[in-house]
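Here is a short tour of one protein model, written for someone meeting it for the first time. Keep the structure open beside you and look up each residue as it is named.

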Amino acid sequence: MSQKPFYVSTPIYYVNDKPHLGHAYTTVACDAKARFHRLRGEPTQFLTGTDEHGQKLERAAREAGMDPLAFCDMNSAKFRELWEKLDISYDDYIRTTEERHIRGVQELWRRVEAAGDIYLGAYAGWYAVRDEAFYTESELTEGPGGAKIAPSGAEVEWVEEPSYFFRLSKYAEPLLEHYEKNPNFVQPESRRNEVMSFVRSGLKDLSLSRTSFQWGIPVPGDESHVIYVWFDALSNYLTAPGFDENGVREGSPWPTDQHFIGKDILRFHAVYWPAFLLSAGVPLPGQVFSHGWWTVEGQKMSKSLGNAVDPHWLIEEYGVDAIRYFLLKEIPFGLDGDFSHGALIDRINSDLANDLGNLLYRTLNMVKRYREGRLERTPSGDSEAESAFCEFVADAAMKYERGMSATHFQNGLRAAWEVISCANKYIDSNAPWALAKEGEEDRLRSVLWHAVAAIRVVAAMISPVMPASAQKIAAQIGLAEDWANAPYSELMDMRRLPEELVTSIGAPLFPRIEDEAKEAIQEKVARRIAGGEEAAPQEDVKEEISFEEFQKMDLRAALVLEAEQIPKSKNLLKLTVSLGGETRTVVAGLAKHYAPEDLVDRKVILVANLAPAKLMGVESQGMVLAAEDGEHLLLAGVDETVTPGAPIR
């Protein structure tokens, strides 16, 4: 009997908008987990895709002046494009507008209905179109103008219409029993406790259809209703591997071993989804793993603040593997984290350039210098130092496997860096340069062979997270292109390195980002936030905004009181500006265009409500506007008679 594939899935992403950092985070994590299981030689099924039905989508398509399916085609392609750039190795991509999905959803409905768990009634209550979710009065707060606001921040509207209902209340005890018997069903533990508390507080039957719009899957036998978008969307995990009137397809990887999701959709995956499956008599997934949210430079990521992080821009600026590494190393998977360009650059310089990159370069440089690039294992066997080195790496490999198996990516990567640190210390202790000088050829060969053997283990360990970098390392140390197809036990064992290899030194894997380049990146980031730039930088024409959105920008006349060069910066000036009743510090990238003394007493235009940002250790409390004319920046200003602090309309 063939082994059931390890089946892992991302949520399917809603196509009313373009992909952002949160989408990238979940997908990179899921990809790393799938690659880890493939590394261990396990058959693996990795599913992702797009959610393309619902009222929100229908409205978005109408506002764009497009047919809903054409709108879905356009936006689904954006996700595929980003996944290709991020080196995502999915096995299947499901769209909820596909026929295979529609058939499977309608069959699941029929089974739930046959179980007596669907009945016709009428719904009257609060509904958030943005979330495609129903909320009770007790969950709502009051927003501007008396609007009712859901916990997610979305506005709700009162809905009254006929609806089919699912007997969710019937499944409270079966769900609690399942959680108790399967303590790892919801992870991390804090989310499990949250889910159990929600279920214990009492479950109400769930509205399962809508009649007020048509962009969805028709209810079998009553096409005046469309199936609730979450019943539709959640079913993708079952319909993609094969589910129809004959049930789960033979040889299907179902049930899913892991659903990777954001915490905002935990209730749908950990309560509604297993309840639907229990009703339909379909085996439940193994685990729902909920990760946290990212803030950006300490602030919630939002369009209104203009600080949304465009993954395409990140890839262009830093490279794919650096982004993948940062996302999985910076915080334990499951917790919230903060995305900071400074922290990302520090990770690149410290972990990737100094630690990993330097180990590879120094080792291969010595192999080239002392052995003409050829690596050979001595027949004399390991000395005490090599035996201790191999044992340390074997222990680290076990830590790595435990971490990755438990979806603790940070622990897995930490184990890889323990090997890097140990290898660097081993080289320092055994000093190949001294061995070469003293003519100890056998010992020299052994030390270099063991150093490269450790690098091969590191390459295997990082390959799920940084696949392209692992492949480059393997090529430089002389391994075959299909090196990663070797048995997992061999890849994690230093002693199993091929006994003869021809190495080559390539370009640095991760060049350091020096202060001037770091500064230039920070300037770009600040400019993008000031302009609300979410689009990729290569786009000349920015996205159209409404007058209301433009009015959110507070532009003021400001008088420059002082200007000085920021130490260690070639681009940045520190300005002290007056807004009449207050003074502010503003960092401006003008040093190559203006002398500090030429700016004093000038009237400039300041973006006064820009979120503060630190540049080269100085907090900037706004941004001055300038025209970018080729390579020159020309300050925008106002008439000298304008009072500092006067609003710019």
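## A first look

Let's begin with Thr-141, which counts as partly exposed at 47% relative accessibility. Keep in mind that this is a predicted model. Thr-141 is found in strand E7, which covers residues 141-142. From there we can visit sheets, salt bridges, nonpolar cores and cysteines.

**Around Thr-141**

- Leaving aside neighbours within four places in sequence, Thr-141 is in contact with Ala-147, Lys-148 and Ile-149.
- For a sense of distance, find Thr-141 and Arg-445: their C-alpha atoms are separated by 70 Å, and the two residues are 304 places apart along the chain.

**A sheet of four strands**

- In what order do the 4 strands of this open sheet stand? Reading across, the order is E6-E5-E9-E11, and the pairing is antiparallel.
- Strand E6 (133-135) and strand E11 (206-207) stand at the edges with a single partner strand each, so one side of each has no neighbour in the sheet.
- Helix H9 packs on this sheet and touches E6, E9 and E11. The direction of H9 makes about 30 degrees with that of E9.
- Strand E9 (residues 157-166) pairs with E11 over 2 bridges, in the antiparallel sense.
- If you look along that pairing, you will find Phe-165 opposite Ser-207 in E11.

**A sheet of three strands**

- Another open sheet has 3 strands, in the order E12-E14-E13, with antiparallel pairing.
- Which strands stand at the edges here? They are strand E12 (209-210) and strand E13 (218-219); each has a single partner strand, so one side of each is left without a neighbour in the sheet.
- E13 is joined by 2 bridges to strand E14 (residues 222-227), and these strands run antiparallel.
- Within that pairing, Pro-218 has Val-226 in E14 as its bridge partner.

**Salt bridges**

- How many salt bridges does the count come to? The count comes to 37 salt bridges.
- One of them joins the side chains of Asp-336 and Lys-263, at 2.9 Å from N to O. Asp-336 lies in the loop between helix H11 (320-329) and strand E21 (337-339), while Lys-263 lies in the loop between strand E17 (258-262) and helix H9 (266-280), so the pair ties together parts that are 73 residues apart in sequence.
- The two partners have their own levels of exposure: Asp-336 is partly exposed, with a relative accessible area of 44%, whereas Lys-263 is buried, at 18%.
- Glu-330 and Arg-347 also meet through their side chains in a salt bridge of 2.9 Å, N to O. Glu-330 lies in the loop between H11 and E21 and Arg-347 in helix H12 (residues 341-371), so this pair ties together parts that are 17 residues apart in sequence.
- Glu-330 is partly exposed, with a relative accessible area of 23%.
- A salt bridge of 3.8 Å, N to O, is found between the side chains of Glu-376 and Arg-371. Is Arg-371 buried or exposed? Arg-371 counts as buried at 19% relative accessibility, because the cut-off for buried is under 20%.
- Its partner Glu-376 is partly exposed, with a relative accessible area of 27%.
- Arg-371 and Glu-376 also belong to a network of salt bridges that links them with Glu-441, Asp-442 and Arg-445.

**Nonpolar cores**

- In soluble globular proteins, nonpolar side chains tend to be buried together.
- The largest nonpolar core has 181 residues, and the members that touch the most others are Tyr-228, Tyr-318 and Trp-417.
- Helix H16 (residues 441-462) gives the most to this core, with 15 residues.
- What is Trp-417 in contact with, leaving aside its neighbours within four places in sequence? Its contacts are Tyr-325, Asp-351, Leu-352, Asp-355, Leu-356, Ile-462 and Met-466.
- Another core, of 19 residues, lies apart from the largest one; among its members are Leu-573, Val-586, Val-604 and Leu-633.

**Cysteines**

- A disulfide is a covalent bond between the sulfur atoms of two cysteines.
- A search of the whole structure finds 0 disulfides.
- Two cysteines to look up are Cys-30, which is buried with a relative accessible area of 0%, and Cys-72, which is buried with a relative accessible area of 0%.

Key
Residues are numbered from 1 along each chain as its sequence is written. This is a predicted model: local features need pLDDT of at least 70, side-chain atom pairs count only at pLDDT 80 or more; totals for chains, interfaces and linings use all residues. Side-chain values use heavy atoms; hydrogens and water are left out. Two strands pair if DSSP finds at least two bridges between them. A salt bridge is a side-chain nitrogen of Lys or Arg within 4 Å of a carboxyl oxygen of Asp or Glu. Buried means under 20% relative accessible area, exposed over 50%, partly exposed in between (1.4 Å probe, protein chains only). A nonpolar core is a set of buried Ala, Val, Leu, Ile, Met, Phe, Trp, Tyr and Cys residues joined through side-chain atoms within 4.5 Å. Contact means heavy atoms within 4.5 Å. A disulfide is a pair of cysteine sulfur atoms within 2.5 Å. Axes are lines fitted to C-alpha atoms, for helices over the stretch in contact, and angles run from 0 to 180 degrees between N-to-C directions.
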